[in-house]
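Student: I have a model open and would like to learn how to read its inner spaces and its packing. Could you walk me through it?

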Amino acid sequence: MVDYAGSGPATPPTAPSGLVSGALRMGDYWLTVLARTWKGGVITTFVTPFFYVLALGVLLGGFVEADPATLEGADSYLAFVAPGMVAAHAMTIAFSEMTYPVYGMVKWQRIYFSMIASPLTASHIVLAQLGFLMLRTLFACGVFLLVLTPFGVFETWWGVLVAWLVQGLVVLAFGTPVMLFSLSIKGEESFALIFRLGMIPLTLFSGTFFPVANLGPVLEKIAMASPLWQGVNLTRMLALGEIDWALAAIHVAYLGVLAGVCWWLAVRRLGERLVS
Amino acid sequence: MALFNAALGATVARPLRGGEAARMLLWRNILVYRRAWLVFITGFLEPVFYLFSIGIGVGAMVVGFEYAGKPVDYREFVAPGMIAASAMNGALLDATFNFFFKLKYNKLYDQMLATPLRTADIAIGEILWNQLRSGIYVTAFLLIMVAMDLVHSWWALLVVPAALLIGSAFGAVGMALTTYMSSWQDFEKVTLAMMPMFLFSATFFPVTAYPEWLRWIVEFTPLYRGVVLCRELTLGVPSWGSLVSVVYLLAFGAIGLVVVRRRLDSLLLT
């Protein structure tokens, strides 16, 4: 046994006692990232959703016949579209945070490799990355919901509060599969494809801008199977105060299972990629 | 030097003529995209998705409105807006993010300028490539409009050159702005200009939704000029106003091009 006294760190490296304590060891790293990068995202995070609400909700909404029977219970187009946009916004954050940044961590800056060189493992790394994503989303969606409040689109205060927490689930349900994708691809050109064939169609056809019933019976079923519709409908029910609890439970279970399975796969994939 | 060239058995390269230089840059881009053909093909989908979603899905609930004195379907109203907006978006993405990457990280243009290419050739070549790509997308979109029975006039054929005009104007101005950028964070400013134009330039709803003073501001933006130009063409109601739009966009692009050339000279040749 070599005597390290006086030459190395005061305490030898120790393995973290649990999953959370391990992830928390990266807390100061992620807080630094947040502190240094949040300004760069101010416009896309806060100004973009506000402009969308104004353009499509208020201005285009002025030309929409607002009939609660066709708008899933909303008495104005704005009240219909706003909660949908919040959920779509959470999804967009998942896409932007889990594509190029994650890919960069394995391919360009290789920060994951330095993390794994410590006693931390792939599951700690994934948990910390998702924790960061969650913080960022809850902050951004919280601001978005606050901005919407003066427009008078919410029915109850507790509904908004639960809708806010639901965005954490929505972002996990998208963040984990996108992370899995980013850990699996070979070149960054593939990102153009998931943005064009994944994110944009999901945003446009998942009941965010119009009721899925307008798509016709067959496409309606397909749209209802999309994870974004689950999140949009859950958020909308909470915002409009017209909650079908059984349906809400299905939405939560769907999003939870999707997030759980992809989380597990992402940990495995990251392990393979870092250790091989 | 002469001895050196003689030793290599090579002749001193003569300056390329304008057409040749631009053609080389065009060919380079074609070679690059041959390896990313799926990215190329899917490029035209975004406006199509918007047309289906906003035009048809939302359009089903929109009370009709009049345009140029006759009632129009909401989808007929939105489709030309999508053409103009996607011409702007496509050109700006290429002229800002991609151009910045090539200028700053790839050092692509430094390499090119070591050959007989000149800075003006680079600016024109890049814009030509953007326009070739955009022209293919617009033609595809127009065919979709025909298939959906949204086109009722031969004037609609002119929407292809109109979209190219919009694209080259925004491309030139976008490149000019990019030469002033120092980091990726600066692109937030591009988003800040692009996104409100996309949403508020009478793309999704008529300009009558605004109060009078705001209307003047909207009508002065370059995208609005592009949107009404495309709309007048696909609806078959061109007017003298269309010519004003054309002149406006030509001037907008020409100013951009002059700035790009001068800025590239000072960035790359000094």
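Tutor: Happily! Keep in mind that this is a predicted model. Let's start with empty space: the largest cavity has a volume of about 40 Å³.

Student: How does one find such a space, and how many cavities of 30 Å³ or more are there?

Tutor: Rolling a probe the size of a water molecule over the atoms shows where empty space is left. Here, searching the whole structure turns up 1 cavity of 30 Å³ or more.

Student: Which residues line the largest cavity?

Tutor: The lining consists of T45(A), F46(A), P49(A), F50(A), A140(A), V143(A), F144(A) and V147(A). Two elements of chain A, α3 (42-59) and α7 (122-148), each give two or more residues to this lining. By character, the lining divides into 7 nonpolar residues, 1 polar and no charged.

Student: And the packing? Which residues have the most contacts inside the largest nonpolar core?

Tutor: That core has 150 residues, and those with the most contacts inside it are Y112(A), F209(A), V58(B) and F204(B). Helix α4 (residues 77-98) of chain A supplies the largest share, 16 residues. Apart from this core lies another, of 20 residues, including L103(B) and M175(B).

Student: What does F204(B) touch?

Tutor: Leaving out residues up to four places away in sequence, F204(B) touches residues of chain A, L56(A) and L60(A), and residues of chain B, among them Y50(B), F77(B) and M82(B).

Student: Where does UniProt place the transmembrane regions of chain B?

Tutor: The unreviewed UniProt entry lists residues 37-65, 77-101, 122-148, 154-178, 190-210 and 240-260 of chain B. In the model, residues 154-178 of chain B are 80% helix, with end C-alpha atoms 38 Å apart. For residues 190-210 of chain B, the figures are 52% helix and 24 Å.

Conventions
Residues numbered from 1 in each chain as written. Chains lettered and ligands numbered in written order. Predicted model: local features only at pLDDT ≥ 70, side-chain atom pairs only at ≥ 80, totals over all residues. Heavy atoms only, no water. 1 Å grid on protein atoms, 1.4 Å probe; cavity = no way out; pocket = protein on both sides within 12 Å on 5 of 7 lines; lining within 4 Å. Points joined across faces, edges and corners; volume = space filled by probe spheres on them. Helix = DSSP H or I, 4+ residues; strand = E, 2+ residues; numbered from the N terminus. Nonpolar A, V, L, I, M, F, W, Y, C, P; charged D, E, K, R; others polar. UniProt positions renumbered as here; feature names shortened; annotations may be inferred. Core = buried A, V, L, I, M, F, W, Y, C linked by side-chain atoms within 4.5 Å. Buried < 20%, exposed > 50% of the residue type's maximum accessible area, 1.4 Å probe, protein only. Contact = heavy atoms within 4.5 Å.
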